[in-house]
Amino acid sequence: MQGQSMVMTRKQKAPNKFSMVINAMGMEVMKQTSDGTSLAMARMGNSTKMEGKDARQGMLAGMLFPELHFAEMGVKSALAGTEKLEGKDAYKVVHTTDDGISWSDYYDMTSGLKVQTVTTAKGPQGEVTTTIGYTDYKDVNGVKYPMTILQNFGPMNMKVSVDKVEANKGLKDSDFTVK
């Protein structure tokens, strides 16, 4: 990001625990952890703990296969038609939480794989749209994972290249402790 390489390590444990740590230039610059009921976010030494509705969107984003948990998290989904994305037909599915947060996911009509997520949020300079693209899917133990994730937020673009995906290896409950 902004010319700097970063290393992101994500750990996820079904149904709803996760940890993500981002390191840049040998330093931890961001960490998110969820124990399934609360969420902690730390950036450059500043830490925030959230629970309930305040934590829901972050917890949804970090869950392993979040779509499987939409109903229990109060998310309603509706097919909003089809669109062309990079020359391919895609289903557009709009998701809305009970407190009005919404976003759209796009699924390739041929493969069924998620190819894009679009969110819009209000910021200090008005609405900011974030687009995340998912490509280069690889099969890992019978599950397809995107190996390239392209994300833009405003004028910044980030390319995440996944080096490896391991399933059912080395997870401890302490990895998901919220402090």
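This passage describes a helix, two nonpolar cores, two aromatic pairs, a pocket and two serine residues in a predicted model. Residues are numbered from 1 along each chain as its sequence is written, and side-chain values use heavy atoms, without hydrogens and water. Because the model is predicted, local features need pLDDT of at least 70 and side-chain atom pairs count only at pLDDT 80 or more, whereas totals for chains, interfaces and linings use all residues.

Helix 1 spans residues 53–62; helices (H or I, at least four residues) and strands (E, at least two) are DSSP runs, numbered from the N terminus. Its buried residues are Ala55, Arg56, Met59, Leu60 and Gly62, where buried means under 20% relative accessible area, exposed over 50% and partly exposed in between (1.4 Å probe, protein chains only). Seen down the axis of helix 1, these residues fall within an arc of 155°, so they line one face of the helix; the arc is that of the directions from the helix axis to the C-beta atoms. Asp54 and Ala61 are exposed and sit on the face turned away from the buried side.

Leu60 also belongs to the largest nonpolar core, together with Met63, Phe70, Met73, Val75 and Trp103. A nonpolar core is a set of buried Ala, Val, Leu, Ile, Met, Phe, Trp, Tyr and Cys residues joined through side-chain atoms within 4.5 Å. When neighbours within four places in sequence are left aside, Leu60 is in contact (heavy atoms within 4.5 Å) with Pro66, Phe70, Met73, Val75 and Trp103. Another core, of five residues, lies apart from the largest one and includes Phe18, Met50, Ala55 and Met59. In soluble globular proteins, nonpolar side chains tend to be buried together.

Two aromatic pairs are present. Rings of Phe, Tyr and Trp (its six-membered ring) pair if their centres lie within 6.5 Å; planes under 30 degrees apart count as stacked, over 60 as edge-to-face and the rest as tilted. The ring centres of Phe65 and Tyr145 are 6.3 Å apart and the planes are at 40°, so this pair is tilted. Phe65 lies in the loop between helix 1 and strand 6 (75–85), and Tyr145 lies 80 residues away in strand 11 (residues 143–153). Phe65 is partly exposed, at 34% relative accessibility, while Tyr145 is buried at 19%. The pair of Phe70 and Trp103 is edge-to-face, with 5.8 Å centre to centre and 80° between the planes. Phe70 is in the loop between helix 1 and strand 6 and Trp103 is in strand 8, so the pair ties together parts 33 residues apart in sequence. Both Phe70 and Trp103 are buried.

Ser104 is in strand 8 (residues 102–108) and is buried, with a relative accessible area of 11%. Beyond its neighbours within four places in sequence, Ser104 is in contact with Lys92, Val93, Val94, Gln116, Thr117 and Val118. Ser19, in strand 2 (residues 17–24), is buried at 6% relative accessibility. With neighbours within four places again left aside, the contacts of Ser19 include Thr9, Lys31, Asp175 and Phe176. The C-alpha atoms of Ser19 and Ser77, 58 residues apart along the chain, are separated by 26 Å.

Note on methods
On a 1 Å grid over the protein atoms alone, a cavity is a set of points where a 1.4 Å probe fits but cannot get out, and a pocket is an open set with protein on both sides within 12 Å along at least five of seven lines; lining residues have an atom within 4 Å of a point. Grid points are joined across faces, edges and corners, and a volume is the space filled by probe spheres set on the points.
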